[in-house]
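Thank you all for making the time this morning. Please have the sequence and the model open while I talk, since I will be pointing at particular places as I go.

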Amino acid sequence: MAQDAQSSDTLSEPRSSSPTPLLYSYHSSLDEQLLLRNAYGRILNNQNDTYLLPADNEEHRRLDLQHHLITLSLGGLYAAKDLVHRALWPRTDRTPSILDVGTGSGSWAVDMAIEFPYCDVVGVDLVPPRITGKLPPNCRFEIDDANLGFVHYKDAFDVVHARSISAGIRDYPQFLRELALVLRPGGVLLVGDGEMQLYDEDRQPLSYNPNSPGCSWTQKVFFSAYNAMKNRGGNIDSPSMSPQWLRAIDGLTDVGWHKIFIPIGPWRQFDAREATISELLRADCLKYISGLAPLLLSEGYLPESVDTLIREATTELRDLSVKLYSRWCFAWAVKK
Ligand SMILES: C[S@@+](CC[C@H](N)C(=O)[O-])C[C@H]1O[C@@H](n2cnc3c(N)ncnc32)[C@H](O)[C@@H]1O
């Protein structure tokens, strides 16, 4: 605990004598040298050693779909609505500002810029976003690696958001400490992610043993990807651990969290809203699974095993032959 309190005051070492980050604007052309094209013809994000998942238009379309389903599930762009509104109230002394770390396609950043037109929004990612419409004038993007820290942004933001980025973060508790220091007093930190653990129709965790009789192919793929991401150094357990890690940071208070079970595909009759969300999640999972081949191959899986895993999981999800839930965790905290 004492160690946590001490380290919560410590930002990562500056990367250069310059106070500005090592970035280039998203308007610069995509630097193909930093990207790797895989055997399946898709562009991979390999700008750090940890994150080996697609970073092409197809992936950004998947992220847009996922953004849509999370927004529907949360009933808005963020959890902890009262705290966020309080942190972003229109003020006369300065412009409130929002940081989105691991912004992906940029959808959350753009939607926040539209919802809060009097705020500045910055999205940061290893790769440029995919902006299809008009970029709101109060929104911009930077290319940077969150693992290098945010010393240049100390006390700069009123809301900091990091969603589904854990696979690319080497030390998630340290990452949270960095984000806490980036916040202004009264600012809100929002983190969220889907678990790689899947759940059965009674919301019980499915077996981690891929050879157990009741194990679904989808769970097998998720479990294999979980191991691969962990072996590459990603902090993939962060969804369930975030509340605990946030509580250990001295500079934060009012930690809260919210967990949502979402059926993967419309296998249960509930209501129209859930049917829409679960259908979107099934489409999201199908696209996600189809992008996992390079990660699994990098783990030493044989190409034929990868093909079988992906094909069987795809069939299972399309046929809804197994009733699965995915659990999403959203946590928040306020800077003292
Ligand atoms: C699964 S996507 C989520 C995108 C977005 N946050 C969302 O919820 O739609 C993860 C994103 O995090 C980015 N990412 C992963 N590791 C990163 C790092 N170390 N620094 C910056 N971005 C990172 C990836 O490039 C990718 O765009």
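I will begin with the chain as a whole, then turn to three helix pairs, and finish with a few single residues.

Let me say at the outset that what you are looking at is a predicted model. The protein chain has an average pLDDT of 86, and 83% of its residues reach at least 70. Residues 1-35, however, have a pLDDT below 50, although this stretch still makes 65 contacts in the model beyond near neighbours in sequence. I will therefore leave that segment aside, given that local features need a pLDDT of at least 70.

As for the overall picture, the protein chain holds ten helices and nine strands, and of its 336 residues 56% count as buried. If we take the contacts between residues at least 6 apart in sequence, 71% of them join residues at least 24 apart.

Now to the helix pairs, beginning with helix 6, residues 217-231, which I will discuss against two partners. At what angle does helix 6 pack with helix 8? The angle is about 50°, with the axes 11 Å apart, and helix 8 covers residues 272-290. That angle falls outside the ranges for parallel, antiparallel and perpendicular, and the two helices are therefore oblique to each other. The crossing of helix 6 past helix 8 is left-handed. On the helix 6 side the contact is made by T218, V221, F222 and M229, and on the helix 8 side by C285, Y288 and I289. Sorted by class, this contact of helix 6 with helix 8 comprises six nonpolar residues, one polar residue and no charged ones.

The second partner of helix 6 is helix 10, residues 303-319, and here the axes come within 7 Å and cross at roughly 135°. Helix 6 and helix 10 are again described as oblique to each other, and the crossing is left-handed. From helix 6, the residues W217, T218, K220, V221 and S224 meet T308, L309, I310, E312, A313, E316 and L317 of helix 10. The residues of this contact between helix 6 and helix 10 divide into six nonpolar, three polar and three charged. You may notice that T218 and V221 appear in the contact with helix 8 and also in the contact with helix 10.

The third pair is helix 5, residues 172-182, with helix 7, residues 238-247, whose axes come within 10 Å and cross at roughly 50°. That makes helix 5 oblique to helix 7, and the crossing of this pair is right-handed. Here Y172, P173 and L176 of helix 5 meet S238, S242, W245 and L246 of helix 7, and the residues involved divide into five nonpolar, two polar and no charged.

Staying with helix 7, which of its residues are buried? They are S238, P239, S242, P243, W245 and L246. Besides helix 5, these buried residues of helix 7 pack against strand 7 (183-199), strand 8 (252-263) and strand 9 (325-335).

Let me close with single residues, two of them buried and two partly exposed. Q66 sits in helix 2, residues 57-74, and with a relative accessible area of 8% it is buried. Setting aside residues up to four places away in sequence, Q66 touches S164, D284 and W328.

F116 belongs to the loop between helix 4 (107-115) and strand 4 (120-125). Is F116 buried or exposed? At 4% relative accessibility F116 counts as buried, because the cut-off for that class is under 20%. Apart from neighbours within four places in sequence, F116 is in contact with Y78, V84, H85, L88, I98 and N138. Of these, N138 is 22 residues from F116 in sequence, and the two C-alpha atoms are 9.0 Å apart in space.

Finally, two residues that are not glycine have a positive phi. R203, in the loop between strand 7 and helix 6, has a phi of about 65°, and at 36% relative accessibility R203 counts as partly exposed. L320, in the loop between helix 10 and strand 9, has a phi of about 50°, and L320 is partly exposed with a relative accessible area of 21%.

Definitions and conventions: Residues numbered from 1 in each chain as written. Predicted model: local features only at pLDDT ≥ 70, side-chain atom pairs only at ≥ 80, totals over all residues. Heavy atoms only, no water. pLDDT = per-residue confidence, 0-100. Contact = heavy atoms within 4.5 Å. Axes fitted to C-alpha atoms, helices over the stretch in contact; angles between N-to-C directions. Helix = DSSP H or I, 4+ residues; strand = E, 2+ residues; numbered from the N terminus. Parallel < 35°, antiparallel > 145°, perpendicular 65-115°, else oblique. Left-handed = near helix turned anticlockwise from the far one by under 90°. Nonpolar A, V, L, I, M, F, W, Y, C, P; charged D, E, K, R; others polar. Buried < 20%, exposed > 50% of the residue type's maximum accessible area, 1.4 Å probe, protein only.
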